[in-house]
Amino acid sequence: MSLDRMRVERINTPEQYQELLEKHRETHSPTGRPLFPTHMIRMEGEVVGSLCLSSPTVHMSMDKSKMKVRDSLLMLNIMDSLMIENGIKNYLFACEETSPYHQILDKRLRKISGTDGCQEFHLFKREL
């Protein structure tokens, strides 16, 4: 898998945000918005998701029809690199229990105690 295939870019212009918003509404909800996106994810030039790196909790949104398990693992590595670049060594990652990526996170990251009874999402702690 080539890294050329996937790219993460900071959202700097209204046009970039609009492109992300249109794709998000196309793949998630006609009225929805990604949570505080700071970066957009492109695969082979097409917007496939976003990252939020400006919150104590990292949010990632991805098009499940385009992104596979291997792609999500690559995104976790890219996210780690971006966090290290910004001097952040620990962060929380929120994931809905119904997400196909929940099982991956559950195996790889430590679940924050107190979220076990939550049916909507769990928080996972990433320590770099």
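Which strands does helix 1 (residues 14-27) lie across, and at about what angle does it run to strand 3? In this predicted model, helix 1 lies across strand 1, strand 2, strand 3 (46-52) and strand 4, and its direction makes an angle of about 105° with that of strand 3. Helix 2, for its part, lies across strand 1, strand 2, strand 3, strand 4, strand 5 and strand 7, running at about 145° to strand 4.

Before going further into the fold, it helps to ask how confident the prediction is. The mean pLDDT of the protein is 83, with 91% of the residues reaching 70 or more. Among the elements, strand 2 (residues 39-43) has the highest mean pLDDT, at 94, whereas strand 4 (residues 57-62) has the lowest, at 78. That value for strand 4 should be kept in mind, since this strand returns in several of the descriptions that follow.

The strands named above belong to an open sheet of 7 strands, which follow one another in the order 1-2-3-4-5-7-6 with mixed pairing. At the edges of this sheet are strand 1 (6-10) and strand 6 (110-111), each of which pairs on one side only. In general, strands of a sheet pair through backbone hydrogen bonds, in either a parallel or an antiparallel sense. Strand 4 and strand 5 pair in the parallel sense, over 2 bridges, and Thr 57 has Leu 92 of strand 5 as its bridge partner.

Met 60 offers a view of the surroundings of strand 4, in which it is found. Leaving aside residues up to four places away in sequence, Met 60 touches Ile 41, Ser 50, Leu 51, Met 75, Leu 76, Met 79 and Phe 93. One of these partners, Phe 93, is 33 residues from Met 60 along the chain, yet the C-alpha atoms of the two are separated by 8.4 Å.

Met 60 also leads to the largest pocket, because it is one of the residues that lie nearest the centre of that pocket, together with Ser 61, Ala 94, Cys 95 and Glu 96. The largest pocket has a volume of about 710 Å³, and 26 residues line it. Two or more lining residues come from each of strand 4, helix 2 (69-85), strand 5 (90-96), helix 3 (102-108) and strand 7 (121-127), with the largest share, 5 residues, coming from strand 4. By class, the lining of this pocket holds 14 nonpolar, 9 polar and 3 charged residues.

A search of the whole structure also finds 1 cavity of 30 Å³ or more, and about 50 Å³ of space lies within the largest cavity. Helix 1 and strand 3 each supply at least two residues of its lining, which includes Leu 20, Lys 23, His 24, Val 47, Val 48 and Ser 50. Ser 61, already met at the largest pocket, is among the residues that line the cavity as well. The lining of the largest cavity divides into 4 nonpolar, 6 polar and 2 charged residues.

How values were computed:
Residues numbered from 1 in each chain as written. Predicted model: local features only at pLDDT ≥ 70, side-chain atom pairs only at ≥ 80, totals over all residues. Heavy atoms only, no water. pLDDT = per-residue confidence, 0-100. Helix = DSSP H or I, 4+ residues; strand = E, 2+ residues; numbered from the N terminus. 1 Å grid on protein atoms, 1.4 Å probe; cavity = no way out; pocket = protein on both sides within 12 Å on 5 of 7 lines; lining within 4 Å. Points joined across faces, edges and corners; volume = space filled by probe spheres on them. Nonpolar A, V, L, I, M, F, W, Y, C, P; charged D, E, K, R; others polar. Pairing = 2+ DSSP bridges. Contact = heavy atoms within 4.5 Å. Axes fitted to C-alpha atoms, helices over the stretch in contact; angles between N-to-C directions.
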